[in-house]
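Q: I am new to this structure and would like to understand a single part of it well. Please choose a part that rewards a close look, go through it slowly, and then show me how it fits with the rest.

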Amino acid sequence: MPPFRPRGALRAGRFTSAWYPGMMGAVVKEGAMSIVVVDETLTARLERAYGSVKLCSPDGRVLGVFVATKPTPADLDPGITEDEIQRRLTDPTVKWYTAAEVEAKLREWGCSK
């Protein structure tokens, strides 16, 4: 079977491709990261995923973890109410720090150069 090449891969000139038989199609390597081209069924399932998804073989071996590019609902939830945000912003006992003060403290602690 001929090598699989993603659309535009030849023009880009930075991909090397090899055909690996199986459900996934082809593995296209670019530097240290491999690109696996998946079939339409798996594409649809992964597009509905939030957060990370453990990918396993039929016999239960963990193949890796897929991390969705869209944020999970937990990523979008600040875990604080609007009332609490306003209370904290208007609390007169809270000390606010400038960026320069924060940077100076980080340098003091050895966390920044």
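A: A residue is called buried when its relative accessible area is under 20%, exposed when that area is over 50%, and partly exposed in between. With 47% relative accessible area, Arg88 falls between these two limits and is therefore partly exposed. This is a predicted model, and the part to look at closely is helix α4, which covers residues 82-90.

Start with Glu84, whose place is in helix α4. Its relative accessibility is 22%, and because this value is not under the 20% limit for buried residues, Glu84 counts as partly exposed. Two arginines meet this glutamate. Arg87 forms a salt bridge with Glu84, in which the closest N and O atoms are 2.7 Å apart, and Arg88 forms a salt bridge with Glu84 as well, at 2.8 Å from N to O. The pair of Glu84 and Arg88 can also be described as a polar contact between side chains, again at 2.8 Å.

The spacing along the helix helps in following these pairs by eye. Arg87 and Glu84 both lie in helix α4 and are 3 residues apart, about one turn of the helix, while Arg88 and Glu84, also both in helix α4, are 4 residues apart, which again is about one turn. As for exposure, Arg87 has a relative accessibility of 44%, so it counts as partly exposed, and Arg88, at 47%, is partly exposed too. Side chains of opposite charge can pair when their charged atoms come close. The picture is completed by Asp91, since Glu84, Arg87, Arg88 and Asp91 are linked in a network of salt bridges.

To see where this helix sits, it is useful to step back to the whole protein chain, which has 5 helices and 5 strands. Read along the sequence, these elements follow the pattern α-β-β-β-α-β-β-α-α-α. The count of salt bridges comes to 5, and one of them, between the side chains of Asp59 and Arg61, has an N to O distance of 3.2 Å. Asp59 has a relative accessible area of 58%, and because this is over the 50% limit it is exposed, whereas Glu84 is partly exposed at 22%.

Around Asp59 there is a second place worth visiting. The side chain of Asp59 makes a polar contact of 2.2 Å with the side chain of Ser57, and Ser57 is found in the loop between β4 and β5. At 9% relative accessibility, Ser57 counts as buried. The strands on either side of this loop are β4, residues 52-56, and β5, residues 62-67, and they run antiparallel with 5 bridges joining them. Within this pairing, Ser52 stands opposite Val67 in β5, and the bridge partner of Leu55 is Gly64, also in β5. The two strands form a hairpin with 5 residues between them, and Gly60 in the turn has a positive phi of about 95 degrees. Strand β5 is hardly covered, for the count of buried residues among its 6 residues is 0.

Further along the chain lies helix α5, residues 99-109, which contains Val102. There the picture is one of nonpolar side chains, as Tyr97, Val102, Leu106 and Trp109 make a nonpolar surface patch of about 440 Å². Val102 itself has a relative accessible area of 40%, so it is partly exposed.

A few totals put these places in context. Of the 113 residues of the protein chain, 10% count as buried, and the chain exposes about 9,600 Å², of which carbon and sulfur atoms supply 58%. Among the contacts with a separation of 6 or more, residues 24 or more positions apart account for 1%. To return to helix α4, the point to keep in mind is that Glu84 forms salt bridges with both Arg87 and Arg88, within a network that also takes in Asp91.

Conventions:
Residues are numbered from 1 along each chain as its sequence is written. This is a predicted model: local features need pLDDT of at least 70, side-chain atom pairs count only at pLDDT 80 or more; totals for chains, interfaces and linings use all residues. Side-chain values use heavy atoms; hydrogens and water are left out. A salt bridge is a side-chain nitrogen of Lys or Arg within 4 Å of a carboxyl oxygen of Asp or Glu. Buried means under 20% relative accessible area, exposed over 50%, partly exposed in between (1.4 Å probe, protein chains only). Two strands pair if DSSP finds at least two bridges between them. Contact means heavy atoms within 4.5 Å. Accessible areas come from the Shrake-Rupley method with a 1.4 Å probe; for residues, only the protein chains shown count as cover. Patches are made of residues with over 30% relative accessible area and no salt bridge: like charges are joined within 9 Å, nonpolar side chains (Val, Leu, Ile, Met, Phe, Trp, Tyr) within 5 Å. A polar contact is a pair of N or O atoms within 3.5 Å; within protein, one must be able to donate a hydrogen and the other to accept it, and residues adjacent in sequence count only if both atoms are side-chain atoms.
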